[in-house]
Amino acid sequence: MSRRFALLSVTALGLLAGCAQKPRTVAAVAPPVIMVPVPAPVMPKGASPTIVIPVALADGTYPTPNRNLTTSAKVWHLRAALNVAALACRGPQEVVIVAGYNALLSAQKPVLAKAEATYASEYKSGGGDWQDRYDDSMTRLYNFFSQSPARDDFCAAAQTVLAQSAGLTAEALPAFAAQNLPVLERPFTDFYRAVDAWRGRTVRPVQPQLIVSRQYASNMPVQTVTQARLQPISQPVPPAQPRLKLDPSVFQ
């Protein structure tokens, strides 16, 4: 083989190698976010399209009569909640709840009397027509615990709390009230939260992930598109403040 032919062969091989297709990485463009409606949750049991509930606070909780209470107030509010349960709860648990409530009144009579007197004195120290303010507060409290949509769960909670109160010492009652008042309140705030979730109608998009597609340079790059995942968020319609009206079924 001549030296000239060998040089030509080497050159030709170099040109052929340069013409070979080399893979490269092509970044796909982010697909547009697709907004789709999210079906509303089922209306909670006991709710209605026009039901009025408290407006949630900035921290996601709800304003109730059981916020920012002193130790004596917590004891007296616990007694009020269980009183409503004894009056309103029906069915197989009625006898058990009434018996448990009466047992609590008997065992804790001195502590409850002191709690009521101390709680009333807190209003009295505010001056003015404190008795009206105190009576209005008690009306709101009984109205809160007598809300019928959450009654089944409330009665179940009351039965549990009363069962745990058996054998409770007088010294332990304040701590017991502080621990269990939220338990008796939770069925109602859970109902409020369910209503707000049912009223939610918006979606929050999640940014789709970029997909990198490896293609040959001689071909058109393929853009791999993934649909954004859509997560519902609750944006309740702020209702008006509730009107206080005692549920007559409590006394049936």
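**Figure 1. Asn83 and its surroundings in helix H2.** Helices here are DSSP runs (H or I) of at least four residues, numbered from the N terminus. In this predicted model, Asn83 is part of helix H2. Is Asn83 buried or exposed? Its relative accessibility is 13%, so Asn83 counts as buried. Setting aside residues up to four places away in sequence, Asn83 touches Tyr101 and Tyr142. Leu105 sits 22 residues from Asn83 along the chain, and the C-alpha atoms of the two are separated by 9.8 Å.

**Figure 2. The protein as a whole, to help you place the close-ups.** The protein has 7 helices and 4 strands. Following the sequence, you will meet them in the pattern α-β-α-α-α-α-α-α-β-β-β. Of the 252 residues in the protein, 32% are buried. Among contacts with a separation of 6 or more, 80% are between residues 24 or more positions apart.

**Figure 3. A salt bridge between Lys45 and Asp152.** Side chains of opposite charge can pair when their charged atoms come close. Here the side chains of Lys45 and Asp152 do so in a salt bridge, with 3.2 Å from N to O. What does this pair tie together? Lys45 lies in the loop between strand S1 (23-27) and helix H2 (71-88), while Asp152 belongs to helix H6 (residues 151-165), so the salt bridge ties together parts that are 107 residues apart in sequence. Lys45 counts as exposed, at 65% relative accessibility. Asp152 is exposed as well, with a relative accessibility of 53%. In total, the protein has 3 salt bridges, and the next two views show Arg90 with Glu94 and Asp190 with Arg193.

**Figure 4. Arg90 paired with Glu94.** These two residues form a salt bridge in which the closest N and O atoms are 3.7 Å apart. Arg90 is partly exposed, at 37% relative accessibility. Glu94 also counts as partly exposed, and its relative accessible area is 28%.

**Figure 5. A salt bridge within helix H7.** The side chains of Asp190 and Arg193 meet here, at 3.6 Å from N to O. How are the two residues placed along the helix? Both belong to helix H7 (residues 173-199) and are 3 residues apart, so about one helical turn separates them. Asp190 has a relative accessibility of 40% and counts as partly exposed. Arg193 is partly exposed too, at 38%.

**Figure 6. Helices H6 and H7 side by side.** The axes of H6 and H7 come within 8 Å and cross at roughly 165 degrees. Angles over 145 degrees count as roughly antiparallel, and H6 and H7 are therefore roughly antiparallel to each other. Their crossing is right-handed. Which residues make the contact? From H6 come Asp153, Phe154, Ala157, Ala158, Val161, Gln164 and Ser165. H7 contributes Phe176, Asn180, Val183, Leu184, Pro187 and Phe188. Sorted by character, the residues of the contact of H6 with H7 comprise 9 nonpolar, 3 polar and 1 charged. You can also find both helices in earlier views: H6 holds Asp152 of the pair with Lys45, and H7 holds Asp190 and Arg193.

Technical notes: Residues numbered from 1 in each chain as written. Predicted model: local features only at pLDDT ≥ 70, side-chain atom pairs only at ≥ 80, totals over all residues. Heavy atoms only, no water. Salt bridge = Lys/Arg side-chain N within 4 Å of Asp/Glu carboxyl O. Buried < 20%, exposed > 50% of the residue type's maximum accessible area, 1.4 Å probe, protein only. Axes fitted to C-alpha atoms, helices over the stretch in contact; angles between N-to-C directions. Parallel < 35°, antiparallel > 145°, perpendicular 65-115°, else oblique. Left-handed = near helix turned anticlockwise from the far one by under 90°. Contact = heavy atoms within 4.5 Å. Nonpolar A, V, L, I, M, F, W, Y, C, P; charged D, E, K, R; others polar.
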